[in-house]
Amino acid sequence: METDVLIIGAGPAGLNSAYEIASNGVQTVIVDESFFPGGQLKQQTQYFNNLPRQFEAQRGITLAETLANRLHSLPVTMLHKHTMIGVYKDGSIGVSNGESTFPIKAKKVIVTTGAAEETCLFPGWTLPGVMTVGAAQILMNRERVLPGKNAIILGCNSFSQEVAQQLKDCGVNILGIIEKNTSLGRESRERLHSDIPLLLNSYITRAMGRGEVEKVFINHNGSEQEWRADLICIGNGLSPILEPFEILDCSFTNKEKLGGLLPGYDSNFKTENSSVYVAGNAAGITCMGGVLLTAEIAAADVLRHLGVLNREDAARQTTYLWKELLRIETQTDSEVFYARVASIQEFHEKNNIPLPTSFHAILEEC
Amino acid sequence: MYIKDHPILKKDNNHEVTFFYNGTTLKAKHGQTIAGALMANGIKKFGITRKLQQSRGLYCANGRCCSCFVTVNGLEHVLSCMTLIEDGMEVNPNSGDPDVRRGEYGN
């Protein structure tokens, strides 16, 4: 198979960059592991407010449909249940659906693999009944199945708080949110619900049960308590999914504020492999607005390299998008934006590429 | 157990499918994954590890952690969270040693 642009992952970043590219008549193929598009939006029933201007505030599940539906009349081929499994010698991407494996030759590749949930280890963490908060949300909102009756949420952050509330609204008894720190970040403090108990300075010492979680030992302020629970949801944050970048010879950098290890990229989200771009949470954990905007910045540079956009138009668009990214990311968490800019500066220095003049205005804002 | 009145989502009208788990006939809804179908029937333990005989079930629900493997129509190590349930599907827990396939793909 041959195409102009290949996108790995049909989450919000992949779908949005596909739209930006294919709406210019450029042939685009999207490869996605799942059976339908939307990535992790497919179970996000919460509202997303801080989105780029062309999107009104909407629930994640609606946004998934919005992003997928507008590709219907465009030159986009969607390969569901297909996984990128390697790279051929000529740079083609190896894709498999479990039965057949074939190469896709593309002029440009945008990797939008998103993020994976970090775990948290304690004795018994592999027992059935222990799952990530994301898994609990999938069961509840995609499968319409209650993941358990009496739940403990491990880790207090805006996502785990959101899922805790959603579980509670579906009838799950939330015994408490267990947080190892002694204080919460601003976003978590603002979200505190008095009807869900929060235990700071706490951790799980052990989960036990015959074949599944039945009781959980919790250390709270130094003393141990025994709780009866059948569900532990681990909410320990996200980190970028990196395997495709490893096999595509990209360089990596470590930025704690962006979720740890991530591919190095320039101010247009181009990696060290000049035909490979990154966008979305794979380029550093950010808000939904950031996921969508990074996809548009990458798409603009891809269009320039394919000769669809001229240099001036691309620069004008990129300048606008970076201002939007600055606005949206700093509204949610300015440290994410600063870490991103720092990693881009480092990438340019390391590779001896001057930063585009349009980017200097962004640097001045930091 | 199903969520009957979801606080946000509309009632789905997905038709029922019948499948087999460990020889027992169970019901699921079209559009569910195997993992979702098992959890809906109150089954959390999908298998045991070969070496330490530890229980395993759904963990990440995203096809990454490999904790939810089951055997589907004789094929071992299928990700139950990434595979949709089908009418008449024979699902078995992931326990014991796998059968090494011979013939077309074996040696």
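## Helix α4 of chain A

In α4(A), the buried residues are S160(A), Q161(A), E162(A), V163(A), A164(A), Q165(A), Q166(A) and L167(A). This is a predicted model. The buried residues of α4(A) pack against two helices of chain A, α3 and α5 (186-191). They also pack against the strands β11 (150-154), β12 (173-178) and β17 (231-234) of chain A.

The length of α4(A) can be checked. The helix covers residues 158-169 of chain A, 12 residues in total. At 1.5 Å a residue, the expected span is 16 Å. The end C-alpha atoms are 17 Å apart, which agrees. Just after α4(A) comes G171(A), with a positive phi of about 105°.

## Helix α1 of chain A

Helix α1 of chain A runs over residues 12-22. Of its 11 residues, 10 are buried, so the helix is largely enclosed by the rest of the structure. The buried set starts with P12(A), A13(A), G14(A), L15(A), N16(A), S17(A) and A18(A). E20(A), I21(A) and A22(A) complete the list.

## Salt bridges

Over all chains, the structure holds 17 salt bridges. One joins the side chains of E335(A) and K257(A), at 3.8 Å from N to O. This pair links distant parts of the chain, 78 residues apart. E335(A) sits in helix α8 (residues 311-350) of chain A. K257(A) sits in the loop between β19 (252-255) and β20 (260-263) of chain A. Both ends are partly exposed: E335(A) has a relative accessible area of 42%, and K257(A) has 43%.

A second salt bridge stays within one helix. D301(A) and R304(A) have their closest N and O atoms 3.3 Å apart. Both residues lie in helix α7 (residues 288-305) of chain A. They are 3 residues apart, about one turn of the helix. D301(A) counts as buried, at 3% relative accessibility. R304(A) counts as partly exposed, at 23%. The cut-off for buried is under 20%, so D301(A) falls below it, whereas R304(A) does not.

R340(A) and E329(A) form another salt bridge, at 2.6 Å from N to O. R340(A) is buried, with 0% relative accessibility. E329(A) is buried too, with a relative accessible area of 1%. Salt bridges with shared partners also join R53(A), E324(A) and R327(A) into one network.

## The interface of chains A and B

The contact draws 36 residues from chain A and 32 residues from chain B. Together the two chains bury about 3000 Å². Carbon and sulfur atoms account for 59% of that area. On the chain A side, F35(A), E143(A) and R144(A) supply 24% of the area buried against chain B. No other three residues of chain A supply more.

Across this interface there are 2 salt bridges. D230(A) forms a salt bridge with K44(B), with the closest N and O atoms 3.9 Å apart. Between chain A and chain B, 13 residue pairs are in polar contact. β10 (130-132) and α3 (133-141) of chain A each supply at least two residues of the side that touches chain B. α3(A) gives the most to that side, with 5 residues. By class, the side of chain A that touches chain B has 18 nonpolar, 9 polar and 9 charged residues.

## The surroundings of H82 in chain A

H82(A) lies in the loop between β5 (76-79) and β6 (83-87) of chain A. Although placed in a loop, H82(A) counts as buried, at 11% relative accessibility. That value is below the 20% cut-off, so the residue is classed as buried.

The side chain of H82(A) reaches the backbone oxygen of H80(A) at 2.6 Å. Leaving aside residues up to four places away in sequence, H82(A) touches V31(A), D32(A) and E33(A). Its other contacts counted in this way are V95(A), S96(A), N97(A) and F102(A).

Definitions and conventions. Residues numbered from 1 in each chain as written. Chains lettered and ligands numbered in written order. Predicted model: local features only at pLDDT ≥ 70, side-chain atom pairs only at ≥ 80, totals over all residues. Heavy atoms only, no water. Salt bridge = Lys/Arg side-chain N within 4 Å of Asp/Glu carboxyl O. Helix = DSSP H or I, 4+ residues; strand = E, 2+ residues; numbered from the N terminus. Buried < 20%, exposed > 50% of the residue type's maximum accessible area, 1.4 Å probe, protein only. Contact = heavy atoms within 4.5 Å. Buried area = accessible area lost by both parts, 1.4 Å probe. Polar contact = N/O pair within 3.5 Å; in protein donor to acceptor, adjacent residues only side chain to side chain. Nonpolar A, V, L, I, M, F, W, Y, C, P; charged D, E, K, R; others polar. Expected span 1.5 Å × (residues − 1).
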